[in-house]
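Visitor: I am new to this structure. Please take me through one part of it slowly.

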Amino acid sequence: MPGPLVAAAGAAVALVLVVAVVPPGPGVPAFVLHIAEVMLAGGAAYALDDAAATLTDVTPRALWRRRLPRLAVSVATLALATGGISLVLHQQGSLPSAPALAGEVLVLCLLAVAAAAMLARHGEAEPGGLVAPVVALLGLAAVVGGSLMGDPLFLTDESGATSRGRWLVVGVVAALVIVIGSRDRGAAALWERSPRRRSNDSGSA
């Protein structure tokens, strides 16, 4: 069970809930919603943590096969947290576009998992502790920077097609990085050392 992810998801939902029920002002400010989304993304960075990776990496199993149970629990936790936030916003009458909210959470989590996947590929058994603080800092910088520049960076800020295009590109790039990071270097090395590969190389020579 990814404890840090569960804690981050619970804190994100609690933040939105507290702001929703504490007066004054109707609804939940967009700033609070963005902070909650960044918290979820920071928690997603722990989805690939595998303390036993130093032992399991000696077998030719891919990254996802080793971490699939933990990843499945992480996805379910993130989905439940996003649903909980959506429910609170709906009750307050401040629910933004559902696709925009889902898209923001998805892209932010993809970015966090992409960074964790690359670190895991290079031998880091528990990349979450390294990625989560960076995600938090960059996310807060994006929230504050967008407000100061007057350029809505988040989809839930009623942004236009340009902003949607940026988020789409970032999401696709993050997904590609995850695919690259999921390629098991240990399995590739095992293939290079396999008798069949050596015999094929000898025959071609």
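Guide: Here is a close look at one helix pair, with the whole chain as background. This is a predicted model: local features need pLDDT of at least 70, side-chain atom pairs count only at pLDDT 80 or more, and totals for chains, interfaces and linings use all residues. Residues are numbered from 1 along each chain as its sequence is written, and side-chain values use heavy atoms, leaving out hydrogens and water.

Start with the chain. It has nine helices and zero strands. Helices (H or I, at least four residues) and strands (E, at least two) are DSSP runs, numbered from the N terminus. Of the 205 residues, 39% count as buried (under 20% relative accessible area; exposed is over 50%, partly exposed in between; 1.4 Å probe, protein chains only).

Now the pair. Two packed helices are described by the angle between their axes and the distance between the axes. Helix 2 spans residues 30-44, and helix 5 spans residues 98-121. They pack at an angle of about 35°, with axes 8 Å apart. Axes are lines fitted to C-alpha atoms, for helices over the stretch in contact; angles run from 0 to 180 degrees between N-to-C directions. The crossing of helix 2 and helix 5 is right-handed, meaning that the near helix is turned clockwise from the far one by less than a right angle.

Look at the side chains next. From helix 2, the residues in contact include Leu33, His34, Glu37 and Val38. Helix 5 brings, among others, Leu101, Glu104, Val105 and Cys109. Contact means heavy atoms within 4.5 Å.

Finally, turn to helix 1, residues 3-21, where Val21 sits. Val21 counts as exposed because its relative accessibility is 54%.
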